[in-house]
Amino acid sequence: MSSVSDSTRLEISSDTQADSSQYLTFLLGGEEYGVDILRVQEIKGWDNVTQIPNTPDYIKGVINLRGAIVPIIDLRQRFNLENTQYGPTTVVIVLKVRNNEKERTVGIVVDAVSDVYNIAGDDMKPPPDFGDIDVEFVNGLATIDDKMVITLNIDELLNTPAIAESAMTTH
Amino acid sequence: MSIDITQFHQTFFEESFEGLDVMESGLLELDIGAVDSDVINAIFRAAHSIKGGSATFGFTNIATFTHAMETLLDEIRDGNRAVSTEIVDILLQSVDCLRDMITAQRDGEENDQERIDQLQKELDTLLGKEPGKDVSKQHTEDETGVENALPSEWIISFTPQPHLLKTGNDPALLFRELQSLGDLEIEADTGKLPPLAEMDPESCYLSWKLRLRGDAITEEAIREIFSWVEDDCDLEIRNASSEVRGGEKRETEKTEERVGEKGAPPKKPGKKPLTPESSSIRVSIDKVDTLINMVGELVITQSMMGNLDGDFEDFDHARLEQLREGLSLLERNIRELQESVMRIRMLPISFVFSRFPRMVHDLSQKLGKQINFEMSGEQTELDKTVMEKIGDPLVHLVRNSIDHGIEPPEVRRQRGKPEMGSVHLNAFHKGGNIVIEISDDGAGLNKERILEKAREKGLIEEDCQPSEEKIYELLFQPGFSTAETVSDISGRGVGMDVVRRNIRELGGNIDVTSSEGQGTTFTIRLPLTLAILDGQLVRIGRETYIIPLISIIESLLIAPGNINSIASKSEVYKLRDEYIPIVRTHELFGTRADSDNIEEGLLVVIEGDGQKAGLYVDELLGQQQVVIKSLETNYQKVDGISGATILGDGTVALILDVEGLIGMSRRPRGNKAQQEERAVA
């Protein structure tokens with residue numbers, strides 16, 4: 001009984017403590033990106049996918065994740081970065097995203113997993129106006145050991161209108 | 001030692017709702033006048049269990065209330081009191097009230113104490129406990145209020161949820177309907193409107209405050225108009241002219257819609273719990289026994305195969321034979337086990353049908369029509385999920401039959417028909433489907449009027465003379481209604497299109513047959529279960545797809561001489577004495593097949609929506625049962641694909657949506673048309 005209340009207190013205190021949160025970072029074309037670690041369900045190796053017809057190129061297809069059908073997004077293609085071959089470090093990060101009040105599971109293909117960092121809310125800087133990559137996916141920029149980490153707003157990744165739009169332009 | 005009694009609350013609520021359903025259907029049977037002791041005993045038992053249960057859990061108000069009902073029922077049972085319409089009506093009202101009380105208890109909401117007291121007094125009056133003159137006087141006063149419905153003014157606040165438009169409902173249509181009742185003032189609240197850039201054109205951001213003035217407007221009439229959108233909005237209806245009476249009336253006149261809500265009636269329509277659908281399931285003991293037997297067999301097979309284990313050095317032919325036998329036994333056991341597990345989800349359709357007698361009873365009284373309502377095939381089983389979703393469309397169809405189909409008694413007499421109209425609800429299994437028929441012996445569909453109306457609404461061209469089938473098809477267009485007078489029961493044309501869409505979502509379809517003057521029959525076909533499908537595995541290029549076996553007619557080698565082209569674009573295949581279009585699935589999907597030369601592949605002849613087509617595939621693989629998984633859980637709907645499944649090797653295969661593919665092949669390539677259609681839907 002007491003342990004339960006302890007853990008709740010712990011949660012509350014970590015919440016109040018200047019909202020710092022943990023981020024899992026990964027590499028994509030030499031840049032380091034971060035996602036909220038609480039959204040990460042698992043990390044698995046790249047495997048073959050089943051293609052879905054008439055979808056934008058960055059939707060690689062779907063995989064069987066222990067009985068669930070999970071779409072896989074190639075983040076390079078999503079960000080219009082140049083394609084590289086999938087290698088031994090290529091991994092799929094399975095994330096839980098919230099979209100239109102619905103929670104979905106999606107996998108993103110990235111070059112490699114990097115590290116886990118604590119980033120305090122104060123250390124997060126708003127993104128400048130990029131122009132070339134979609135800013136809507138970028139939550140902010142943080143500096144860790146003189147490196148820049150771009151934190152992503154993953155909920156927008158599988159935004160259905162965005163997909164519908166690009167499906168229209170690709171055809 | 002103390003037991004946490006609250007863990008049993010859920011069971012009590014479920015059992016009580018079931019008990020209430022029993023009471024309700026029993027009371028309706030009593031209506032005939034003669035007292036059947038079996039029926040009255042069943043009602044009494046149900047009331048008694050509710051009383052006992054509520055007293056155990058300390059819900060004293062429910063217990064007290066039920067006690068009064070029970071006493072009355074007891075007197076009827078003992079023959080000390082004759083059954084009159086008045087008694088049945090009061091008991092029915094009490095059942096409704098009780099249902100609200102239990103719901104309130106479950107959701108932790110406030111009871112409508114006024115109404116409870118009122119009914120309690122009426123029950124007491126009947127029992128002769130407390131003559132209470134003022135009570136009966138007050139009662140008659142209310143009655144007149146309800147019956148004559150004085151000039152009234154209603155304030156309606158209508159706050160749709162954002163997805164309202166996607167369900168095919170149009171607020172403007174509703175308002176036009178309201179306008180037909182009286183003077184309507186509309187005030188829109190645009191406060192929630194986002195900036196243009198962020199706006200989703202398919203979402204509804206507006207809410208409205210409506211003021212409706214007019215003679216003899218009942219709250220029920222207003223509610224009927226909103227009945228199809230009720231689940232998708234917050235609706236509050238206040239009587240500005242007399243607050244008190246309005247409030248009271250709301251509670252008593254909610255009956256009808258409440259009948260529609262099996263098990264989980266909302267206390268206030270405006271505050272519906274969002275997910276009333278998930279709940280427990282009652283499984284008959286013999287189904288469980290079958291399961292246990294199956295598992296027993298599995299264990300036996302396993303030990304049989306276990307005997308084969310051991311020394312593999314001298315693994316001879318005899319053992320191999322045994323192993324093979326064991327495997328086939330295992331396969332059979334597992335298939336049977338799967339079937340029995342699926343049967344657990346199957347419930348008799350009487351769960352849906354049971355609400356209809358009450359509805360028909362109320363409706364026929366209100367419309368002054370005599371209806372002989374028959375049901376058959378109540379024991380037909382279907383999947384629980386399908387059942388939950390088929391209720392509302394059925395209600396709508398039965399209402400339509402009674403309101404539009406069956407003529408008033410005097411008209412029927414003139415036409416030489418019996419005054420009593422009949423409506424028949426039937427369910428049966430056919431192939432892999434369950435078929436539900438709603439037939440009436442009413443006026444039938446008037447083709448001329450449908451055409452006229454369709455032209456008026458611009459649904460078809462002026463000089464177009466469509467076939468009978470196409471005419472009936474028009475009924476399912478959004479915004480179509482041929483009712484001469486729009487009644488509060490049906491005829492607003494916000495119905496049939498929604499009915500069809502709901503049925504299609506379940507993978508079924510709906511047909512109409514009608515002969516003028518003789519009646520109309522609506523036939524709904526639904527898949528037995530949404531979870532499993534017999535599929536044919538085919539390969540196109542590198543991908544494996546699954547075609548539902550039920551839609552395959554035959555598969556054939558392509559004979560080059562039978563391929564013809566139309567306008568050098570569309571291809572048709574001569575299949576015996578008919579021409580069927582060839583669908584090149586890989587082109588629709590933007591993938592590659594083995595070869596562009598169609599003669600090297602196979603043609604799978606499929607039928608969907610009454611249309612045949614030949615699907616080009618590279619290779620036929622095996623047939624197997626597949627478990628359907630939704631793509632929409634984590635992704636979204638994909639045209640031409642109805643779902644996905646996982647094959648034996650762990651990879652994902654997509655299940656083809658036959659109707660969708662035929663539709664896609666008819667449209668020019670490119671997604672414009674589809675996207676527009678999706679936007680409309």
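How much accessible surface does chain B have, and what share of that surface belongs to carbon and sulfur atoms? In this predicted model, the accessible surface of chain B (Shrake-Rupley method, 1.4 Å probe, with only the protein chains shown counting as cover for residues) is about 34100 Å², and carbon and sulfur atoms hold 50% of that area. Because the model is predicted, local features need pLDDT of at least 70 and side-chain atom pairs count only at pLDDT 80 or more, while totals for chains, interfaces and linings use all residues. Residues are numbered from 1 along each chain as its sequence is written, chains are lettered from A in the order in which they are written, and side-chain values use heavy atoms, leaving out hydrogens and water.

Chain B contains 22 helices and 22 strands, which are DSSP runs (H or I, at least four residues, for helices; E, at least two, for strands) numbered from the N terminus. Of its 681 residues, 45% are buried, meaning under 20% relative accessible area with a 1.4 Å probe, protein chains only.

Turning to the interface, 25 residues of chain A and 24 of chain B take part in the contact (heavy atoms within 4.5 Å). The buried area between the two chains is about 2200 Å², with 55% from carbon and sulfur atoms; this is the accessible area (1.4 Å probe) lost on putting two parts together, summed over both. On the side of chain B that touches chain A, helix 20 (585-589), strand 21 (641-646) and strand 22 (652-656) each give two or more residues. Strand 21 of chain B gives the most, with three residues.

How values were computed:
Buried means under 20% relative accessible area, exposed over 50%, partly exposed in between (1.4 Å probe, protein chains only).
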